[in-house]
Amino acid sequence: HHGHLTTRKSCALVRTTAADSYPHVMSRWLANTPIPVATFPHLARHFRKLSSDAGVQRALSEEGLQPA
């Protein structure tokens, strides 16, 4: 459903869970396409939120990936 992230801060009802990682990964992949993540404002907000998460930053670093 398109509106899911319009009213929630995460994919789960209360807190960030593993389910939130999938849209974050898809958003990172968008950087390699001509479609900017900003095209999807709710997804972009979700991406920014997770990108600032210490656990996400640590995982990216451990995988040798640059923060987006």
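**Helix packing and buried polar residues**

The cover over the buried residues of α2 includes α1 and α3, where contact means heavy atoms within 4.5 Å, buried means under 20% relative accessible area, exposed over 50% and partly exposed in between, with a 1.4 Å probe and protein chains only. The structure is a predicted model, in which local features need pLDDT of at least 70 and side-chain atom pairs count only at pLDDT 80 or more, whereas totals for chains, interfaces and linings use all residues. Residues are numbered from 1 along each chain as its sequence is written, and side-chain values use heavy atoms, with hydrogens and water left out.

The secondary structure comprises 3 helices and 0 strands, and the elements follow one another from the N terminus as α-α-α; helices (H or I, at least four residues) and strands (E, at least two) are taken as DSSP runs and numbered from the N terminus. Of the 68 residues of the protein, 25% count as buried. The protein exposes about 5000 Å², of which carbon and sulfur atoms supply 61%, with accessible areas computed by the Shrake-Rupley method with a 1.4 Å probe and, for residues, only the protein chains shown counted as cover. Among contacts between residues at least 6 apart in sequence, 48% join residues at least 24 apart.

In α2, the buried residues are Leu43, Ala44, His46, Phe47, Leu50 and Ser51. These residues cover an arc of only 160° around the axis, which puts them on the same side of α2; the arc is that of the directions from the helix axis to the C-beta atoms. The face of α2 turned away from this buried side carries the exposed residues Pro41 and Arg48. His46, located in helix α2, counts as buried because its relative accessibility is 1%. Although His46 and Asp20 are 26 residues apart along the chain, their C-alpha atoms are separated by 8.4 Å.

Helix α1 (residues 21-30) has Pro23, His24, Ser27, Arg28 and Leu30 as buried residues. Viewed down the axis of α1, these buried residues fall within an arc of 150°, so they line one face of the helix, while Tyr22 and Trp29 are exposed on the other side of α1. The buried residues of α1 pack against α2 (41-51) and α3 (54-62).

Two charged residues are buried without a salt bridge, namely Arg28 and Asp20; a salt bridge is a side-chain nitrogen of Lys or Arg within 4 Å of a carboxyl oxygen of Asp or Glu, and Lys and Arg count as positive and Asp and Glu as negative, with His and the chain ends not counted. For Arg28, which lies in helix α1, the nearest side chain of opposite charge is that of Glu63, 10 Å away. Leaving aside neighbours within four places in sequence, Arg28 is in contact with Phe47, Leu60, Leu65, Gln66, Pro67 and Ala68. Asp20 is placed in the segment before α1, and its nearest side chain of opposite charge, Lys49, is 6.0 Å away. The side chain of Asp20 does, however, reach the backbone nitrogen of Thr17 at 2.8 Å, a polar contact being a pair of N or O atoms within 3.5 Å of which, within protein, one must be able to donate a hydrogen and the other to accept it, and for which residues adjacent in sequence count only if both atoms are side-chain atoms.

In the loop between α2 and α3 lies Ser52, which counts as exposed because its relative accessibility is 52%. The side chain of Ser52 reaches the backbone oxygen of Lys49 at 2.8 Å, and the C-alpha atoms of Ser52 and Ala68, 16 residues apart along the chain, are separated by 10.0 Å. At the start of α3, a side-chain oxygen of Asp53 comes to within 2.9 Å of the backbone nitrogen of Gly55, and just after α3, Gly64 takes a positive phi of about 75°.
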